[in-house]
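Q: Please take a close look at a single part of this model. Which residues line the second largest cavity, and what surrounds that part?

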Amino acid sequence: MNSPNNDPLSRMSLSRRRLFARAGMMGAAGMSLPAILAACGGSSGGGGGGGNSLFFENWPEYIDPSEDDLTGTVERFMAASGVEMNYAETYNDNVEYFAKIQPLLGNGKPIDPDLIAPTSWLVGRLISLGWVDKLPIDLVPNAANLRADLQKPAWDPTGEYSLPWQTGFAGIAYNIEATGRELKSTEDLFDPAFKGKIGMLTEMRDTMGLLMLADGVDISTVSTFDAAATAFDRLEAAKNDGQIRRFTGNDYLNDLSTGNFAACVGWSGDVVQLAVENPNIRFAIPEEGGTSWADAMVMPKGAVNRDAAAKWMDFCYDPVQAAQITAWVQYVSPVAGVQAELEKIDPELAVNPLLFPDDATLARTFSFANLEEGVEAEYDARFSAITGA
Amino acid sequence: MTISELTPNPVNSRDESTEPTRRSFDPERLGLGLLLLTGALLVVVGTGMVTGVLATLALALTLGTVVALIGAAILGGPEVRRKIAPYGLLKPGMLWLALFYLAPLVTLLRNSLSTLPSRFAVKADFDWNFGNYSTAFTDFGGQFQRGFGYAAVATVLTIFLGYPLAYVIAFRGGKYRGLLLGLIIIPFFTSYLIRTIAWQSLLADTGPIPSVLNDLGFQPILNALGIMDGDKILNTPAAVIGGLTYNFLPFMALPIYVSLEKINLNLVDAAKDLYSGSVRAFCKVIFPLSLPGLFAGTLLTFIPASGDFVNQQYLGNPNTSVIGQSIQNQFLVQNNLPVASAMSFVLMMIITVFVIIYSRFFGTDDLA
Amino acid sequence: MSAPSSPLGSVARWGLNLFAVGVMMYLFMPIFWIVGFSFNEPKGKFNFVWQNTTLDNWREPFKDEALTDALLTSLKIASISTLIATVLGSLIALALARYSFKGNAFLDFVLVLPLTTPEIVIGSSLATLFLDQNVTRGFSTVVIAHVMFQISFVALTVRARVRGFDWTLEQAAQDLGASPMRTFWKVTFPLILPGILAASLLSFALSLDDFIITLFNAGSVSTFPLFVNASFKNSFSPQINVLATIVLLASVALMASGTLVSRAKSRRSTR
């Protein structure tokens, strides 16, 4: 999949370069979005009064911004629907965010955003805690465009509480110059030649997912703590003897560029951005299997702007709009029919297996099962003890 | 030694010798009593030991004491006023501390003895659960040791770097002293985080410092000393200690400078004449006189360093985790309030014990 | 100080000076990095690898809205908290330095206590209080937290400066017919003002830079250090370097002007 000629990353990187030829690749470009919104007179915090505003708090760099002659999705939405939208990119980490909202939602108080996009496992937890309202799906006709494999997932069995924003994969990101060879397997991360140059994610399900799959455990059906025992022991040993240098969030991108890491566990879409400036950075879904995850839009309990939220979700699930988003973020769209639309914008991207995984790839990616609260606590505790918290 | 013995002509003591005690109450006792009472009330309300109607009552009582104090001041006449004045001046600040420093500590203590009814519950139930403390010691013993260990090494290094610097500025700075002191402080007008991130970049594997060290051939020596690990400096204990040393250097250098600057130069010259040598003059005279500064500097460095986690976060690796990081993780990630509170409290207790022992050893010099 | 008589002493003397210079350079290394990289044009999201020199970042220092907002929030918090803390702390310092009264030692002890408590304990305990009392953490809780640790600092610093103050000056003024209020404002206050100003400036800096205590008590508010911390994981724009350099320059300017003013004042008074 990663041979030089049809390396999906280099093809992706060309189209990204086209998009950014004039704008420049800075994160600041994405962060100028609030400036545009402020100029549009977007309100800060759409929680109170007036159903015609919307506050969506999302991950950074997760939507196409308005720059040069390209209009971003938020702008297009505001123009088309007349809704005043406040789009914030301040959702940085699932656990951190949860800790922030816990005292509010736990005491029955609403939080500011009408929509947030946590990762699937957190969605599952929020649903079981009763901290999210059902989505106004009947007001979202385009919800029917949801990919079949994402309907009624394990973390939202009735499908009434969430609508995926983007999905993606966790696999091995590596610097081919540092490793000297292509990496294909999770075992490569334990190669003594890379001692002290390996990174792993603080996202438990991605790191443990890869390790458990390498152990032959089917993570999509796992339900006990013991199933992960061998994988945990292996992780602990690798940490103790210095094989693993650090556990990271998105900052692994930094370590890959500065040479601190030779290889690490990483996320598919992120690595693409890095590959633009450094073609030596590659991504591979391991042979033993990689994890697939979804970030899904949910409505925190007590959110007021339900109609506006419905309009937004309907807008984003229109394949034409979804294609625009995908062309920029380069993650796997949850909307069916995006591929056809993407061909009109960016034909190279439209056939990229990392964006539109073929059956072979899909067969190798697994979504971590929804763990029951007590079991999840055991996983979290053991993982924290190892990651040095 | 209390401040009253040091302050020349404190305002009240002059009166006591001339004023016959005619009053039936002692305004000082009243002032102190009211201050302590309101402090205690705020602590009690703050920790939620009393709620609802009782809390409102407590707050009303607090207001009442303020009124009483003012009333006593107005009605009592100038003598009473003078005696009550300090309590009046102290009140607002002390009450703020009572509510936002003491009350939280009591809450911390209470939470450390509680249990969470469920993993994501927001309030813990107080049930004298000492198990949290045993968890704190057993699960995080390593983190405690490393936290204090790195802080101790860093403190010694700051003395090693900061004392000569302070000495040179104090005794050889001449008219440039102010400027040089300013130069020490200036780097610390940038954000603490950004400075640590700067080190992360400087010490990166492809960064300037490892490259220079490797080119100069220091790598084998540094490896042997345990400072470098292969060709890396970043993500080693040395990097964490280095970060701590850097960030707390001025906290050591400045107090030492203050002590040294106070030394009367004539004393130094006399010492030199007596001991016929700069080194002995230093050991016998200058060094002992700088001890108060050293004492203050050590406390100002060691205490924050032992609870720090920023250096570990940016410069360390999973095997160098320290107690500050664990507390932060238990609070903000694991949502395990009881254990986190127990760990916090243990950290504070250890430091308090250290400070008490250290003060006894050094003499109770004031920190300012 | 008399010069050493032996060549060895000379060497040792210069050795020490060189060492001190070395330590100074060590202190400035990260500053060179911070200022230097503000002129970098990074290729990707992180400003950690040198690419080209450019002035673009300086032309648009406020390009990153969220970052600028965070800095403004930090400045606002620092201003408000310093104001409150200076008032409260100075009152305490006056009480402790000027009067002798019962309970002096105990209150002194309580005052020093926050300085001997690690930031993480202060931050986490305050957060626990707010959680228990169901107070939503945000701007006001940060201000409250900052005032709390600033009070002790201001009080002790001002007290130290005020220690050598000759209180008989007050008595002299009153003998001359001034009322206590007038005495305070015309005699005492101007003399202790430099100490108060110095303490408030330093506590402003402390508030601006505070990370650990703020982390626990900010809720969803973003201050400059919090923003930098979160930003590090996702992207690190050169604007962060630019703003940090601006804050640095502003502080230096402030300090320099402060020194010049006090020097001018002392020259005037000795003429």
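**An enclosed strand and a lined cavity**

A: Strand E7 (residues 244-248) of chain A is largely enclosed by the rest of the structure, because 5 of its 5 residues are buried. Buried means under 20% relative accessible area, exposed over 50%, partly exposed in between (1.4 Å probe, protein chains only). Strands (E, at least two residues) and helices (H or I, at least four) are DSSP runs, numbered from the N terminus. This is a predicted model: local features need pLDDT of at least 70, side-chain atom pairs count only at pLDDT 80 or more, and totals for chains, interfaces and linings use all residues. Residues are numbered from 1 along each chain as its sequence is written, chains are lettered from A and ligands numbered from 1 in written order, and side-chain values use heavy atoms, without hydrogens and water.

E7(A) pairs with strand E6 (residues 198-201) of chain A in the parallel sense, over 4 bridges; pairing takes at least two DSSP bridges. Ile244(A) is the bridge partner of Ile198(A).

Now the cavity. On a 1 Å grid over the protein atoms alone, a cavity is a set of points where a 1.4 Å probe fits but cannot get out; lining residues have an atom within 4 Å of a point. The second largest has about 50 Å³ of space, the volume being that filled by probe spheres set on the points, which are joined across faces, edges and corners. Its lining is Pro164(A), Trp165(A), Gln166(A), Met297(A), Cys316(A), Tyr317(A), Ala322(A), Ile325(A), Ser333(A), Pro334(A) and Val335(A). Strand E5(A) gives the largest share, 3 residues. Cys316(A) is buried, at 3% relative accessible area.

Methods:
On a 1 Å grid over the protein atoms alone, a cavity is a set of points where a 1.4 Å probe fits but cannot get out, and a pocket is an open set with protein on both sides within 12 Å along at least five of seven lines; lining residues have an atom within 4 Å of a point.
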